[in-house]
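Dear colleague,

I am handing over the structure we spoke about, and I would ask you to keep it open while you read the notes that follow.

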Amino acid sequence: MKNVSKEISALIKKQILDFDKKVESNDVGVVVSIGDGVATIYGLDDVMLGELVQFPHDIYGMVLNLEEESVGVVLLGDDTFIKEGDTVKRLKEVVEVPVGDALIGRVVNALGAPLDGKGQIKSERHRPIERIAPLVMTRESVNTPLLTGIKAIDAMIPIGRGQRELIIGDRQTGKTAIAIDTILAQKDQNVKCIYVAIGQKNSSIASIIHRLDTSGALAYTTVVSSSASELAPMQYIAPYSGMAIAEEFLEKGEDVLIVFDDLSKHAVAYRTLSLLLKRPSGREAYPGDVFYLHSRLLERACKLNKENGGGSITALPIIETQQGDISAYIPTNVISITDGQIFLLTDMFNAGFRPAIDSGLSVSRVGSSAQYKVMKQVSGSLRTELASFKELESFSQFGSDLDENTKNILAHGRVLMEVLKQDQYDIYSLDRQTIELFVAKNNYLDKYPLSRIKPILKDLYKYIVSTDNQLIKDIVSTHVLSNENENKLRSLVEDYLATLEVD
């Protein structure tokens with residue numbers, strides 16, 4: 001009888017010990033509070049920052065706060081069905097997205113789930129959305145142009161493969177238009193494209209997808225969509241997901257273009273999460289680490305050296321300003337992280353000058369090292385000539401008596417401005433840009449009224465293509481305008497212009 005009692009006592013003790021282990025497990029926690037897509041969890045003592053946790057109803061969350069007694073988790077799904085007291089489990093994983101060729105031509109959300117109704121994405125590989133940027137010794141300087149098809153940019157603010165060029169300006173000034181035109185210009189250029197929409201209207205995203213599809217650009221583009229109707233956590237992780245997809249191609253030695261539209265809304269989403277997690281706020285209510293938010297993202301864009309595959313990620317982040325204030329917190333942060341900026345002016349846009357690029361404030365810190373020689377030949381003095389024109393134009397309005405030289409500079413400047421006008425979705429090839437800039441640089445158009453400039457250039461290009469197609473092929477293949485070809489081009493231009501009447 002005593003032996004039976006001892007066995008029962010030992011069994012009870014064992015069950016009590018096992019029960020304690022289950023209750024005190026560091027891999028399980030309890031929801032203390034829930035609301036606005038943020039949960040406070042008691043327990044999960046060993047959980048790590050950025051780790052995934054699982055709530056009931058197969059809803060996932062990401063750990064962003066590590067407190068002494070609790071952890072703060074942002075939900076990556078609807079929090080309607082989650083209540084206080086629910087059990088939360090560690091998954092010992094980080095947020096990952098599917099990567100690879102299966103994503104080309106698809107529209108996905110921030111977790112890589114399809115949104116286009118084309119079925120599941122069959123990808124064998126996944127990558128964590130966060131990753132340390134490639135080391136300095138694995139990189140090389142940017143030296144290969146990435147043509148945008150926009151004359152003003154390719155001539156004055158050249159972008160190279162592996163560069164980070166900021167597009168900045170007020171609302172409705174054509175920022176997205178420049179990014180989409182650049183994606184369209186990559187057709188047949190062996191560049192994969194990724195467009196990340198953050199906080200945009202669903203109708204705007206649908207319009208962009210339709211344009212990419214009808215232009216044939218969706219065949220080499222992935223769209224990562226996190227619209228304004230989605231939760232702040234999804235908007236927060238979207239650009240990192242897009243960069244993870246890009247890095248898969250980078251490591252295969254391929255060239256990638258990624259557009260973040262836009263990082264202002266990304267910062268606002270992060271500010272929302274931080275305030276809900278009760279983090280202390282700083283300037284403009286943003287948390288203190290908001291600079292790190294964008295620097296760790298954009299630093300992953302680079303050009304790798306040949307020993308590491310030679311691939312590149314070119315990033316075009318977009319930032320929206322308020323009343324042209326580039327000294328605000330987020331604009332100054334991103335300007336300091338990037339390799340230059342394309343600054344768009346509201347006044348120019350409203351005056352009908354498209355793209356509304358301010359050649360004075362816009363700059364590329366990579367410069368002519370990311371420019372073909374032929375483009376340097378025809379656009380080397382363009383920025384200086386425009387600066388002289390704008391300076392004289394501001395002074396000329398105060399006086400009526402102008403000397404002949406000033407009149408000539410003003411007339412030439414107006415022609416240059418007219419030549420740089422370009423409609424949205426109207427992509428210019430390298431040879432066409434070369435011819436138009438050559439004609440403008442050499443003052444061939446100064447005697448014609450501004451209304452005739454664009455029709456003349458359009459017909460001139462057609463004339464040259466039909467008369468001497470070999471010249472066009474030489475420009476495209478060699479990227480240089482040799483003395484012989486320059487003389488040929490000059491002769492063709494003069495022959496065509498001789499057939500025109502001067503008003």
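**Hairpins, sheet and helices**

Strand E3, which covers residues 51-55, pairs with E4 in the antiparallel sense, and four bridges hold this pairing. Please keep in mind from the start that the model is predicted. Within this pair, glutamine 54 has tyrosine 60 of E4 as its bridge partner, and the two strands form a hairpin with three residues between them, where histidine 57 in the turn has a positive phi of about 65°.

Strand E4 (residues 59-66) also runs antiparallel to strand E5 (residues 70-75), to which five bridges join it, and here again a hairpin makes the connection, through three residues. If you look for leucine 66, you will find it opposite valine 71 in E5. Is E4 mostly covered or not? Six of its eight residues are buried, so that the description "mostly covered" applies, given that buried means under 20% relative accessible area.

Further along the chain there is an open sheet of eight strands, with mixed pairing and the order E8-E12-E11-E13-E14-E10-E15-E16. Its edge strands, each of which pairs on one side only, are E8 (107-108) and E16 (363-364). Strand E15 (residues 340-344) pairs with E16 in the antiparallel sense over two bridges, and glutamine 341 has valine 363 in E16 as its bridge partner.

Two helices that pack on this sheet deserve a look. Helix H3 (residues 175-184) touches strands E10, E11, E12, E13, E14 and E15, and its direction makes about 160° with that of E14. Helix H6 (residues 263-276) touches E11, E13 and E14, and its direction makes about 75° with that of E14. Helix H3 is mostly covered, with nine of its 10 residues buried, among them Lys175, Asp181 and Leu184.

For the protein as a whole, the secondary structure comes to 16 helices and 16 strands, and the C-alpha trace spans about 120 × 50 × 40 Å along its principal axes. Of the 503 residues, 52% are buried, while the accessible surface comes to about 23500 Å², with 52% of that area belonging to carbon and sulfur atoms. Among the contacts with a separation of 6 or more, 73% are between residues 24 or more positions apart. Finally, there are 55 positive and 68 negative side chains, and the centres of these two sets lie 3 Å apart.

With best wishes

Key. Residues are numbered from 1 along each chain as its sequence is written. This is a predicted model: local features need pLDDT of at least 70, side-chain atom pairs count only at pLDDT 80 or more; totals for chains, interfaces and linings use all residues. Side-chain values use heavy atoms; hydrogens and water are left out. Two strands pair if DSSP finds at least two bridges between them. Contact means heavy atoms within 4.5 Å. Axes are lines fitted to C-alpha atoms, for helices over the stretch in contact, and angles run from 0 to 180 degrees between N-to-C directions. Buried means under 20% relative accessible area, exposed over 50%, partly exposed in between (1.4 Å probe, protein chains only). Accessible areas come from the Shrake-Rupley method with a 1.4 Å probe; for residues, only the protein chains shown count as cover. Lys and Arg count as positive and Asp and Glu as negative; His and the chain ends are not counted. The place of a charge is taken as NZ of Lys, CZ of Arg, CG of Asp or CD of Glu.
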